[in-house]
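Please open the model in your viewer and keep the sequence panel beside it. The tour moves from one selection to the next and says what is to be found at each stop.

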Amino acid sequence: MKNRRHALQTLASTALMAAVGRAVASPGHDKPHGPVKKEQTEWGIAGDAKAVKRTVQITMLDTMRFSPDNIAVKLGETIRFRMKNTGALGHELVIGTKAKLDEHAALMAKFSTMEHDEPYMAHVGPKAAGDIVWTFNRAGNFDFACLIPGHYQAGMVGKITVAAK
Ligand SMILES: [Cu+2]
């Protein structure tokens with residue numbers, strides 16, 4: 001009898017620990033934890049967390065702004081973008097070329113329930129945080145934006161300059 005109770009307690013605490021583990025493992029964004037697709041884009045490629053040498057903190061604001069909204073990167077650098085949404089609205093950060101973001105924003109406006117998820121974007125809920133790890137292996141002037149309908153149009157954009165030297 002005593003043994004049986006002990007076994008039940010052990011079972012209960014194991015279940016509790018599993019539940020706690022799950023809570024810790026799911027951060028404040030709804031990104032599925034599948035394998036990261038590594039596809040070369042004009043603005044770089046998905047980065048390895050191990051290669052991160054610099055973290056850039058970006059605040060997302062309900063005034064439809066990012067702070068900072070101008071980021072200088074050196075060619076070859078792997079950056080961890082750590083977004084903090086201080087607002088009451090959901091925001092996202094999508095990196096791309098101006099042309100790609102325009103195209104994507106038009107799609108988002110047309111299909112407002114469209115779900116999208118790529119390694120160069122993060123959806124961040126109110127008061128939550130999100131990460132992107134990205135390697136800038138192409139020099140040039142790129143943009144980042146929140147493509148939630150209305151936000152992009154209100155100017156929720158920023159610039160990334162990747163300098164060759
Ligand atoms: Cu937004």
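The stops below begin at the metal site, continue through the two sheets and end in a loop.

Before selecting anything, note that this is a predicted model, in which local features need pLDDT of at least 70 and side-chain atom pairs count only at pLDDT 80 or more, while totals for chains, interfaces and linings use all residues. Residues are numbered from 1 along each chain as its sequence is written, and side-chain values use heavy atoms, with hydrogens and water left out.

**The copper ion**

Select the copper ion and display its protein donors, which are His91 (ND1), Cys146 (SG), His151 (ND1) and Met156 (SD), lying 2.0 to 2.8 Å from the ion. Donors here are N, O and S atoms within 2.8 Å of the metal (3.2 Å for Na, K and Ca), and since water is not among the atoms, sites may look incomplete. In the sequence panel the donor residues follow the spacing H-x54-C-x4-H-x4-M. His91 and Cys146 link distant parts of the chain, 55 residues apart, with His91 in strand 6 (residues 91-96) and Cys146 in the loop between strand 9 (140-145) and strand 10 (157-163). Strands (E, at least two residues) and helices (H or I, at least four) are DSSP runs, numbered from the N terminus.

Are His91 and Cys146 buried or exposed? His91 is buried, at a relative accessible area of 1%, and Cys146 is buried as well, at 0%; buried means under 20% relative accessible area, exposed over 50% and partly exposed in between, with a 1.4 Å probe and protein chains only.

**The sheet that holds His91**

Now colour the open sheet of five strands with the order 4-10-9-6-7, whose pairing is mixed. Strand 4 (70-74) and strand 7 stand at its edges, and because each has a single partner strand, one side of each is left without a neighbour in the sheet. Two strands pair if DSSP finds at least two bridges between them; strand 6 and strand 7 run antiparallel and are joined by four bridges, and the bridge partner of His91 in strand 7 is Val124. Show the side chains of strand 7 (residues 121-124): Met121 and His123 point one way, Ala122 and Val124 point the other way, and all are buried.

**The second sheet and Arg80**

Move to the open sheet of five strands with the order 1-8-5-2-3, again with mixed pairing. Within this sheet, strand 2 (residues 54-61) and strand 5 (residues 78-85) pair in the parallel sense over seven bridges, and Thr59 has Lys84 as its bridge partner in strand 5.

Select Arg80, which lies in strand 5 and counts as buried at 19% relative accessibility. The side chains of Arg80 and Asp131 are joined by a polar contact of 3.0 Å, a polar contact being a pair of N or O atoms within 3.5 Å, where within protein one must be able to donate a hydrogen and the other to accept it, and residues adjacent in sequence count only if both atoms are side-chain atoms. Arg54 is 26 residues from Arg80 in sequence, yet their C-alpha atoms are 6.3 Å apart in space.

**Thr41**

Finish at Thr41, in the loop between helix 1 (2-25) and strand 1 (45-46), where the residue is buried at 12% relative accessible area. A polar atom of the Thr41 side chain lies 3.1 Å from the backbone nitrogen of Trp43, and one lies 2.6 Å from the backbone oxygen of Gly44.
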